[in-house]
Protein chains: 2
Amino acid sequence: MEILKGAASSARIKEEAASLLAAMEGPAPKLAIVRVGERPDDLSYERGATKKLESFGLRVQSFAYPADISHEEFMDAFAKINRDEDVAGILLLCPLPKQIDQKVVAAAIDPLKDLDGISPVNAAKVFAGDPEGFAPCTAEAVMEVLKTAGIGVRGKRVVIVGRSMVVGRPLSMLMLKEDATVTICHTKTADLRAVCKEADILAAAAGKARMLDESYIRDGAVVIDVGINVDENGALCGDVDFQSLEGKAAAATPVPGGVGTVTTAVLARHLLLAAARAKAAVKKA
Amino acid sequence: MEILKGAASSARIKEEAASLLAAMEGPAPKLAIVRVGERPDDLSYERGATKKLESFGLRVQSFAYPADISHEEFMDAFAKINRDEDVAGILLLCPLPKQIDQKVVAAAIDPLKDLDGISPVNAAKVFAGDPEGFAPCTAEAVMEVLKTAGIGVRGKRVVIVGRSMVVGRPLSMLMLKEDATVTICHTKTADLRAVCKEADILAAAAGKARMLDESYIRDGAVVIDVGINVDENGALCGDVDFQSLEGKAAAATPVPGGVGTVTTAVLARHLLLAAARAKAAVKKA
């Protein structure tokens, strides 16, 4: 079984990013990471993203707010970041505390700076297959892993387990754009095992530790594990029991070290695309 | 085989519409039908929609423009209709002539008046499963036909042939919202027959006359035909060879007389919903 490590995709995207950056005048584009509270998941993602983007030669600035900030105060602060011409892109760490209306923030974010595709404008573009839209970085990272491994999706049966707006739904549309035949499964799917076994490519994005094993896999299938869970021993694991796939799957992504590590590389590329578009718009005006 | 006639759904929706209308003060809500040029398809749909909505006790006004109107002139005229407080909803007959940028019109339409779901705001809501969004009427008509027949979709295998933004994609999201396991097929699907045979419910929206026959159908499946085509003899027909389904499918919609007739009933309900929301917003303000 081929192990599809995220590092190979990150390296390829880094090369692309380097040429985009070299072609750009002025200071390197800046990412604003917006965080409310001190959730360990958020802090960990913020550290990882900062390290990755800085290693790509990009700038990162964190904007952190207390967990009990009011909706109004937060929206005022967010509007300033949104308008700041030195900020080329924004990553909002979600979920937000419940006093802040996340839908209002998603509708307010400048779609051109919305690197993780939370704006309805970008969602509509991804839904329609418009390449100008920013898809959520994790969904796009799945496509990048397949691309790096030279695994085409055209005409293939792709089964996606999970229907969130962060992975399942946008991934289904990215796959459809590349001419895959796409099936979307979820908690109400009858006989999930049988449906998963139809897959040439199985993408697991259900968020449940090791819920899928080799009995869900057709011989020779490719398995992409988007899950990041903590198991009963406190260890990171995916939605797939990786060890069980040996001798059954043709290729699979590990967790950790798989799709997750590609997400921040996609974020970096989105930042460069956003900056390039903003510069082009200024020149045109 | 049960024949799922559209008339039954139209009648049910008409009853719902009558109670919505009875609860409403002032004149009946008005639909603006916006047409550019004199395409026979558009004229026929306009006549059908006008007749249906008037039979529901609703008002309809047609706004017709010459086929060679410029983009700028059209946008000016469209903006007036969009702002008109007496217009509760808009139906734009598409496709528009090529000098008019349809994307610009779709982005300009007031999402609250966008009864056929062409605005990115409504597309994003349908994508996210938000019930506040207006889905394209034809996609929603499929759900209505199933509802009228008492055919649930939860946990069922639903296969959709076609991936347009008018039917295939929005229908996939409406099905997902109702907990179906959804597969989307298209021209690049390998072994379309085998995939279609997995369906408990098969929805054909490919726009190709009689491309599917009984050999694509599992015994006892439900077949919903969204296609409206003209065959080699000039007769209306669907994407499915209806006659061949007898003894194989459990139920199927005919063409004509099936989904197509429900589309304008859904349009009428959307108009009433839009009018009710506009009145509620005025009261609140």
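# Exercises on a predicted two-chain model

In this predicted model, 12 strands form an open sheet with mixed pairing, in the order β1(A)-β11(A)-β8(A)-β7(A)-β5(A)-β6(A)-β6(B)-β5(B)-β7(B)-β8(B)-β11(B)-β1(B). The exercises below start from this sheet.

**Exercise 1.** Determine which strands are the edge strands of the sheet, and describe how β6(A) is joined to strand β6 of chain B.

*Solution.* Step 1: read the ends of the strand order, which are β1(A) and β1(B). The edge strands are β1 (2–3) of chain A and β1 (2–3) of chain B, each of which pairs on one side only.
Step 2: turn to the place in the order where β6(A) is followed by β6(B). Here 3 bridges join β6(A) to β6 (residues 181–185) of chain B, and the two strands run antiparallel.
Step 3: identify a bridge pair. Thr183(A) has Thr183(B) as its bridge partner in β6(B).

**Exercise 2.** State how many residues of each chain are in contact and what area is buried between chain A and chain B.

*Solution.* Step 1: count the contacts. On chain A, 32 residues are in contact with 32 residues of chain B.
Step 2: consider the area. The size of an interface is often expressed as the accessible area lost when the parts come together. Between chain A and chain B about 2700 Å² is buried, and carbon and sulfur atoms give 59% of that area.
Step 3: name the residues of chain A that lose the most area to chain B. These are Phe127(A), Arg169(A) and Leu176(A), which together account for 25% of what that side buries.

**Exercise 3.** Establish how many residue pairs are in polar contact between the chains, and which elements of chain A each supply at least two residues of the side that touches chain B.

*Solution.* Step 1: the count between chain A and chain B is 17 residue pairs in polar contact, with both residues at pLDDT 80 or more.
Step 2: α5 (120–128), α7 (168–177) and β6 (181–185) of chain A each supply at least two residues of the side of chain A that touches chain B. Of the elements, α5(A) gives the most, with 6 residues.
Step 3: sort the residues of that side by character. They divide into 16 nonpolar, 7 polar and 9 charged.

**Exercise 4.** Find how many salt bridges lie between chain A and chain B, and explain why the pair Arg157(A) and Glu198(B) joins two chains.

*Solution.* Step 1: side chains of opposite charge can pair when their charged atoms come close. The structure holds 36 salt bridges over all chains, and the count between chain A and chain B is 6.
Step 2: examine two pairs. Arg163(A) and Asp179(B) meet through their side chains in a salt bridge (2.8 Å, N to O). Arg157(A) forms a salt bridge with Glu198(B), with the closest N and O atoms 2.9 Å apart.
Step 3: locate the second pair. Arg157(A) belongs to strand β5 (residues 157–161) of chain A, while Glu198(B) lies in the loop between α8 (192–196) and β7 (201–204) of chain B, so the pair joins two chains.

**Exercise 5.** Describe the peptide bond from Cys94(A) to Pro95(A) and phi of Asp179(A), and place both residues Pro95(A) and Asp179(A) in the chain.

*Solution.* Step 1: the peptide bond from Cys94(A) to Pro95(A) is cis, with omega near 0°. Pro95(A) is found in the loop between β4 (89–92) and α4 (102–108) of chain A.
Step 2: Asp179(A) has phi near 70°, a positive value in a residue other than glycine. Asp179(A) sits in the loop between α7 and β6 of chain A.

Methods:
Residues numbered from 1 in each chain as written. Chains lettered and ligands numbered in written order. Heavy atoms only, no water. Contact = heavy atoms within 4.5 Å. Buried area = accessible area lost by both parts, 1.4 Å probe. Salt bridge = Lys/Arg side-chain N within 4 Å of Asp/Glu carboxyl O. Polar contact = N/O pair within 3.5 Å; in protein donor to acceptor, adjacent residues only side chain to side chain. Helix = DSSP H or I, 4+ residues; strand = E, 2+ residues; numbered from the N terminus. Nonpolar A, V, L, I, M, F, W, Y, C, P; charged D, E, K, R; others polar. Pairing = 2+ DSSP bridges.
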